[in-house]
Structure formats: structure tokens, C-alpha cells
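Here is a quick tour of one model, going from a loop to the helices and then out to the surface. Have the structure open while you read.

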Amino acid sequence: MPDTPYLVAAVLVSAAVTWALRALPFAVLGRLRASRTMGYLQSRMPAGIMVILVVYCLRDLPVTRTAVLAPLAALAVTVGVHLWRRNAPLSILAGTAVDIALASTVFAH
């Protein structure tokens, strides 16, 4: 059985490493904000992430079945609401509601 000082040392080292790993991003954040690369990523990443999510969600759609219309209608509603209101949570909520409503009623098997 391990000695108590050994266990205490292991817990203290684990706590110090955890604290350092959580504090590191905040210590580096000031220098990153002034970086041109970070400015470029801030302007391009939201659209890139959304494209990746759309491709991931639509990649396995059965294009030969009518069930494909529910997610496509939801996508159209999401894009339309976002272009209309410029409100991401509202757009996501509207698209999700349309997808669930169509998938569980109109296109339910």
C-alpha cells in the first residue's frame, strides 16, 4: 500500500498540472488577440465551422427517398430565418423545430 506522503504528493502534482493547463490559455490570450492570424481566424472560422456541420449532418441523407425533404426544409428555414433576423439561436431553434415536426409527422413511417 502506498505511503500517505506519496499520495499527497501525487494529488498536489496533479492539482498543479491541472491548474497550469487551465490557466495557460488565459496567460497567452493577450498576445493572441493582437495577432493578425487570430484576427483572420476569428473572421473565417464561424462560417467554416457551419459548413462542416452542414456537410456532416447532410452527408448520409437518402436522396432517393422523400424523407430527405425534412432536413432540407429545415436547412432552408434555418438559412432563411438567419438571413432575415441575423440571430443564430433563433435560426437554430426554427430549423430544429421544422426538422422535428416534419420528421415526426409528414415523413414518419
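R86 is exposed, with 61% relative accessible area; on this scale exposed means over 50%, buried under 20% and partly exposed in between, using a 1.4 Å probe and protein chains only. You'll find R86 in the loop between α3 and α4. Its backbone is worth a look: R86 isn't a glycine, yet its phi is positive, at about 55°. Most residues other than glycine have a negative phi.

Before going further, bear in mind that this is a predicted model, where local features need pLDDT of at least 70 and side-chain atom pairs count only at pLDDT 80 or more, while totals for chains, interfaces and linings use all residues. Residues are numbered from 1 along each chain as its sequence is written, and side-chain values use heavy atoms, leaving out hydrogens and water.

As for confidence, the protein averages a pLDDT of 89 (the predictor's confidence in each residue, from 0 to 100), and 98% of the residues score at least 70. Among the elements, helix α3 (residues 69–85) has the highest mean, 93, and α2 the lowest, 86. Helices here are DSSP runs (H or I, at least four residues), and strands are E runs of at least two, numbered from the N terminus.

The unreviewed UniProt entry annotates two stretches as "transmembrane region", residues 66–84 and 90–108. Such annotations may be inferred rather than shown by experiment. Here is how those spans look in the model:

| Span | Helix | Strand | End C-alpha distance |
|---|---|---|---|
| Residues 66–84 | 84% | 0% | 28 Å |
| Residues 90–108 | 89% | 0% | 25 Å |

S91 sits in helix α4 (residues 88–106) and is buried, at 2% relative accessible area. Its side chain reaches the backbone oxygen of N87 at 2.8 Å, inside the 3.5 Å limit for a polar contact between N or O atoms, where one must be able to donate a hydrogen and the other to accept it.

How many salt bridges does the structure hold? Just 1, counting a side-chain nitrogen of Lys or Arg within 4 Å of a carboxyl oxygen of Asp or Glu. R59 pairs with D60, their closest N and O atoms being 3.2 Å apart. R59 is exposed at 51% relative accessibility, and D60 is exposed at 62%.

Last comes a nonpolar surface patch made of Y40, L41, M45, I49, M50 and L53, with about 560 Å² of accessible area together. Patch members have over 30% relative accessible area and no salt bridge, with nonpolar side chains joined within 5 Å. L53 belongs to helix α2 (residues 36–58) and is partly exposed, at 42%.

Terms used
Patches are made of residues with over 30% relative accessible area and no salt bridge: like charges are joined within 9 Å, nonpolar side chains (Val, Leu, Ile, Met, Phe, Trp, Tyr) within 5 Å. Accessible areas come from the Shrake-Rupley method with a 1.4 Å probe; for residues, only the protein chains shown count as cover.
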